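Here is a friendly walk through selected charge pairs, helix packings and surface features. Please keep the viewer open as you read.

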Amino acid sequence: MKNLLAIFRNGLWAENPIFKLIIGLCPTLAVTNTVENGLAMGLATSFVLISSEIVISIIKKWIPNDVRIPSFILVIVTFVTFTDYFLAAFFPQISDQLALFVPLIVVNCLILGRQEAFASKNPTHRAIFDAVGMGVGFTWVLVVLSLIRELLGMGTIFGVEVFGAAYPEMIVMILPSGAFLTLGVMVGVINVIDKKVGSDND
Amino acid sequence: MAESDRDSVKRLILTLTVIGAFGSLFLAFVFTWTNPHILEHEARAREEAIMTVLPDAATYEEEVRNDQTFYIGYDENENRAGVALTVIQGGYQGMIEVMVGVDPNREEIIYISILDHEETPGLGARITEESFKENFRNKPIDDYELVNRTPEEPYEVEGIAGATISAETVKEIVMEAGSIALEHFGGGS
């Protein structure tokens with residue numbers, strides 16, 4: 001059990017997909033201009049990640065090595081299409097906001113990467129812990145990023161005004177360049193924390 | 001050797017086919033489950049847009065003329081309360097689709113509603129805000145011009161700071177919708 005928790009915690013910090021593995025950056029940079037979008041993208045990606053890792057870890061012994069990547073993609077694309085339909089049917093507003101970025105979860109290298117690095121080599125229960133850990137790790141970074149960007153860019157959180165109407169909006173923060181600025185500073189801060197605290201806490 | 005190679009190729013094809021078949025089967029079920037909801041949302045969004053841009057209409061009828069669909073609104077006394085139509089043009093990042101309500105008798109735009117767009121949140125996306133759409137309320141059909149101050153002339157439209165292309169596109173769409181509506185319904189017909 002301790003072992004499983006270690007797998008879960010791995011994704012939160014030590015091997016966090018965004019600021020440690022630096023993968024899955026396209027949606028990270030693109031949709032984190034509002035907290036609502038960041039959270040929705042994090043949850044959608046986590047759902048696809050968890051479902052795919054479960055299926056891959058179950059069927060891995062029947063997949064020949066030569067076609068493992070196309071097989072992973074087929075499984076992932078099935079869940080992404082499901083997510084796309086599901087959001088459009090039950091959360092049309094979020095679906096409108098994320099638009100193209102939902103189908104693009106297919107090519108999020110976080111998902112393919114975890115199938116290759118983990119799900120295809122581990123039993124299902126371990127794959128679930130890995131997927132949930134990575135999913136939570138991905139989601140929290142997206143939420144923090146979008147929190148900073150929405151707050152500085154528009155003075156709001158979840159669309160609610162925080163700084164009052166007189167706040168001078170920093171438009172650059174909600175444009176793509178704001179994503180690079182915020183992510184860069186965040187990765188820097190996290191490296192400093194790691195240096196200060198040391199890696200013995202991992 | 002050759003025999004086992006052929007076997008393995010068969011196996012590769014078989015694996016991908018089986019996964020693909022299961023995936024498609026699953027998605028077929030998901031599609032039949034979600035599609036009615038999706039169509040319902042689209043229909044409701046369109047109907048809400050028609051009622052927004054034709055505020056005097058109680059009912060409306062669809063009519064297709066020259067491949068252009070018109071929604072003709074009628075008030076309680078069965079009088080025509082205006083004509084609504086959608087026009088699509090390319091904006092800054094994607095297509096902008098606008099429902100435009102037109103009063104062909106008075107040759108005026110009644111109001112507009114943005115159905116679909118992919119403009120930058122916080123910038124171009126402000127075309128969906130009341131303050132921008134109010135520009136076109138009861139506006140005579142004309143060649144409009146974007147200005148970055150409060151409009152003084154009837155043909156002036158107040159743009160959006162930092163989103164000239166998005167505002168320009170909506171302006172073009174409204175002009176086009178106005179002239180299409182006049183062409184088909186103008187002259188008191």
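Glu152(B) counts as exposed in this predicted model, because its relative accessibility of 63% lies over the 50% cut-off. Its salt-bridge partner is Arg149(B), and the closest N and O atoms of the two are 3.7 Å apart. Arg149(B) has a relative accessibility of 36% and so counts as partly exposed. Over in chain A, salt bridges with shared partners link Glu15(A), Arg114(A) and Asp130(A) into a single network.

How many salt bridges does a search of the whole structure find over all chains? The search gives 14. Three of them are set out here, each with its N to O distance.

| Acidic residue | Basic residue | N to O distance |
|---|---|---|
| Glu15(A) | Arg114(A) | 4.0 Å |
| Glu63(B) | Arg65(B) | 2.6 Å |
| Glu152(B) | Arg149(B) | 3.7 Å |

Let us take the pair from chain A. The side chains of Arg114(A) and Glu15(A) meet at 4.0 Å, N to O. Arg114(A) sits in helix H6 of chain A, while Glu15(A) belongs to the loop between helix H1 (2-12) and helix H2 (25-30), so this salt bridge ties together parts that are 99 residues apart in sequence. Are these two residues buried or exposed? Arg114(A) is buried, with a relative accessible area of 7%, because that value falls under the 20% cut-off. Glu15(A), with a relative accessible area of 29%, is partly exposed.

In the Glu63(B) and Arg65(B) pair, the side chains meet at 2.6 Å, N to O. Glu63(B) is partly exposed, at a relative accessible area of 27%. Arg65(B) is also partly exposed, and its relative accessible area is 27%.

Next come the helices. Two packed helices are described by the angle between their axes and the distance between those axes. Helix H6 of chain A (residues 109-119) packs with helix H4 of chain A (residues 68-90) at an angle of about 130°, and their axes are 10 Å apart. That angle makes H4(A) oblique to H6(A), because it lies above the 65 to 115 degree range for roughly perpendicular pairs and is not over 145, where roughly antiparallel begins. H4(A) passes H6(A) in a right-handed crossing.

What is the angle between helix H7 and helix H9 of chain A? H7(A), residues 124-154, and H9(A), residues 176-197, pack at about 120°, with 10 Å between their axes. These two helices are therefore oblique to each other. The crossing in which H7(A) passes H9(A) is right-handed.

Finally, have a look at helix H3 of chain A, which covers residues 35-59 and includes Leu43(A). Ala40(A) lies in H3(A) too. Leu43(A) has a relative accessibility of 52% and so counts as exposed, whereas Ala40(A), at 14%, counts as buried. Leu43(A) takes part in a nonpolar surface patch of about 380 Å², made together with Leu39(A), Phe158(A) and Val160(A). As for Ala40(A), its C-alpha is 9.7 Å in space from that of Leu87(A), with their positions 47 residues apart in sequence numbering.

Notes:
Residues numbered from 1 in each chain as written. Chains lettered and ligands numbered in written order. Predicted model: local features only at pLDDT ≥ 70, side-chain atom pairs only at ≥ 80, totals over all residues. Heavy atoms only, no water. Patch = residues over 30% accessible without salt bridge, like charges linked within 9 Å, V, L, I, M, F, W, Y side chains within 5 Å. Areas by Shrake-Rupley, 256 points an atom, 1.4 Å probe, with all protein chains shown as cover. Helix = DSSP H or I, 4+ residues; strand = E, 2+ residues; numbered from the N terminus. Buried < 20%, exposed > 50% of the residue type's maximum accessible area, 1.4 Å probe, protein only. Axes fitted to C-alpha atoms, helices over the stretch in contact; angles between N-to-C directions. Parallel < 35°, antiparallel > 145°, perpendicular 65-115°, else oblique. Left-handed = near helix turned anticlockwise from the far one by under 90°.
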